[in-house]
Amino acid sequence: MAQTTIISNGANLAKYMSLPQKGAVLAEYIWIDGTNNIRSKCRTFYKKPETIDDLPEWNFDGSSTNQAPGSNSDIYLRPVAMYPDPLRLGDNIIVLAECYNSDGSPNAFNYRHECAKLMEAHKDEKIWFGIEQEYTLFDNLGNVYGWPVGGFPAPQGPYYCGVGTGKVYCRDIVEAHYRACLFAGIRISGINAEVMPSQWEFQVGPCDGISMGDELTVARYLLHRVAEDFGVVISFHPKPLKGDWNGAGCHTNVSTEKMRQPGGMKYIEEAIEKLSKRHKEHIAVYGEDNDLRLTGRHETASAATFSSGVANRGSSIRIPRSVAKEGFGYFEDRRPASNIDPYLVTGIMTETILGSIPDVDVVKQVSRK
Ligand code: ADP
Ligand code: MN
Ligand code: MN
Ligand code: MN
């Protein structure tokens, strides 16, 4: 059990949450900061925004989020997508925003801007993604949730897809997050307990083009926000515990319309061939500290080499057995870490598989920070 649990006073809060808003609509603007975390702030509207164009640009102090120097600290928030808010209900919304500097250029950590250009250029290919987000629960003292203090649980084995006390922890958070995503319209496609105790996974997708990064970002926001109510900390670190414990990834599944049709295996093989030639470039944008995870052990392939195979969970790329059998479908890139920026990953996959476009270079973007 956790040593200390700080839980918000839900019953007290409920009294106030049921007070009428008298026509006001609350919009929680969320964005990715300079440390790959999510930030948010809220404002009131007195007319319900119907489309994204009804939402004004806003700003914040970028010097407090690692996104700007103090001397020129204003960063602008440009709304790009909106979702029903499962925490406030009613007409209240979550607004996903991109960050721009005061001179109008995209902020160094705004990887969505260039990703959107790639998706637009290749929109006829109808590229889809599905991301499997793994994460680890910690208590508020920094211990893995439920682990014995100063010790370790029994070795891995009973926990993956586990059922029962001592095998899984915080199923309440997982269930609450699942419902919250559904309410917000996120295409969450499943959940499961992971190999390391207190590690879980949710899947989002298939999502077309830019909506993959958008929906994963909102799903991550909701996970942090739900876990806050339960006094639990969510970690997206790819190797939260050294030793004989599985790391955490963000397997990224991908397909184009051609791959999804009979005979599609030819296009899947072509894509894998192209990926094999840009292994280094992909690893460069597949998450920080990913080298601690991609060791060649614990169901990973080594970061040093590229490999692919049918039903092989020890390779960089895996073609699901069912896809190989049918001859069309999709494939899985197992290299991305749990802490990826999803726009970098879906961006470089699109760039490598469907071709680069003028003025966009996915790898170069990370060097501007
Ligand atoms: P695994 O067996 O690797 O654990 P999961 O069931 O956890 O697989 O995740 C499979 C992912 O593949 C889901 O996110 C799903 O949305 C995605 N997916 C399914 N079909 C496609 C497709 N045609 N194109 C892209 N992604 C897909
Ligand atoms: Mn999975
Ligand atoms: Mn998994
Ligand atoms: Mn997988």
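# A tour of a predicted model

Visitor: Where is Tyr178 found?
Guide: Keep in mind that this model is predicted. Look along the chain for the stretch of residues 171-184. That stretch is a helix, and Tyr178 is found in it: helix α3.

Visitor: Is Tyr178 buried, exposed or partly exposed?
Guide: Buried would need under 20% relative accessible area, and exposed would need over 50%. Tyr178 has a relative accessible area of 21%. That value makes Tyr178 partly exposed.

Visitor: Which residues is Tyr178 in contact with, leaving aside its neighbours within four places in sequence?
Guide: Take Ser189 to start with: it sits 11 residues from Tyr178 in sequence, and the two are 9.3 Å apart from C-alpha to C-alpha. Contact is about heavy atoms within 4.5 Å, though. On that basis, Tyr178 is in contact with Ile188, Ser189, Gly190 and Ile191.

Visitor: Let's go to the metals. Which residues coordinate the manganese ion (ligand 4)?
Guide: The donors lie at 1.9 to 2.6 Å from this ion. Along the chain they follow the spacing E-x118-H-x80-E. Put names to those letters and you get Glu132, His251 and Glu332.

Visitor: How many residues apart in sequence are the parts that Glu132 and His251 tie together?
Guide: Both residues help to coordinate the manganese ion (ligand 4), and both are buried. Glu132 lies in strand β6, while His251 lies in strand β10. So the pair ties together parts whose separation in sequence is 119 residues.

Visitor: Which residue bridges the manganese ion (ligand 4) and the manganese ion (ligand 2)?
Guide: These two ions lie 3.8 Å apart. The bridging residue is also one of those coordinating ligand 4. It's Glu132.

Visitor: What about the manganese ion (ligand 3): which residues are its protein donors?
Guide: Here the spacing along the chain is E-x59-E-x6-E. The donor atoms lie 2.1 to 2.2 Å from the ion. They belong to Glu134, Glu194 and Glu201.

Visitor: Which residue bridges ligand 3 and the manganese ion (ligand 2), and how far apart do the ions lie?
Guide: The bridge is Glu201, which is buried, as is Glu134. Glu134 lies in strand β6 and Glu201 in strand β8, so this pair ties together parts 67 residues apart in sequence. As for the two ions that Glu201 bridges, they lie apart by 3.8 Å.

Visitor: Now ligand 1. Which residues come nearest to it?
Guide: There are 19 residues around ligand 1. By class, that shell has 7 nonpolar, 6 polar and 6 charged residues. Strands β6, β8 and β10 each supply at least two of them. Coming nearest are Glu132, Glu201, Gly205, Ser255 and Glu332.

Visitor: How much of ligand 1 does the protein bury?
Guide: Let's begin with some polar side chains: an atom of Gln203 lies 3.2 Å from an oxygen atom of the ligand, and one of Asn253 lies 3.3 Å from an oxygen atom of it. Arg318 has a side-chain N or O atom 3.2 Å from a ligand oxygen atom too. Taken alone, ligand 1 exposes 590 Å², and the share of that buried by the protein is 77%.

Visitor: One last stop. Is Asn246 buried or exposed?
Guide: Asn246 lies in the loop between β9 and β10. Residues it touches include Gln156, Lys239 and His298. Its relative accessibility is 7%, and the cut-off for buried is under 20%. So Asn246 counts as buried.

Notes:
Residues numbered from 1 in each chain as written. Chains lettered and ligands numbered in written order. Predicted model: local features only at pLDDT ≥ 70, side-chain atom pairs only at ≥ 80, totals over all residues. Heavy atoms only, no water. Near = heavy atom within 4 Å. Polar contact = N/O pair within 3.5 Å; in protein donor to acceptor, adjacent residues only side chain to side chain. Areas by Shrake-Rupley, 256 points an atom, 1.4 Å probe, with all protein chains shown as cover. Helix = DSSP H or I, 4+ residues; strand = E, 2+ residues; numbered from the N terminus. Nonpolar A, V, L, I, M, F, W, Y, C, P; charged D, E, K, R; others polar. Donors = N, O, S within 2.8 Å, 3.2 Å for Na, K, Ca; no water. Buried < 20%, exposed > 50% of the residue type's maximum accessible area, 1.4 Å probe, protein only.
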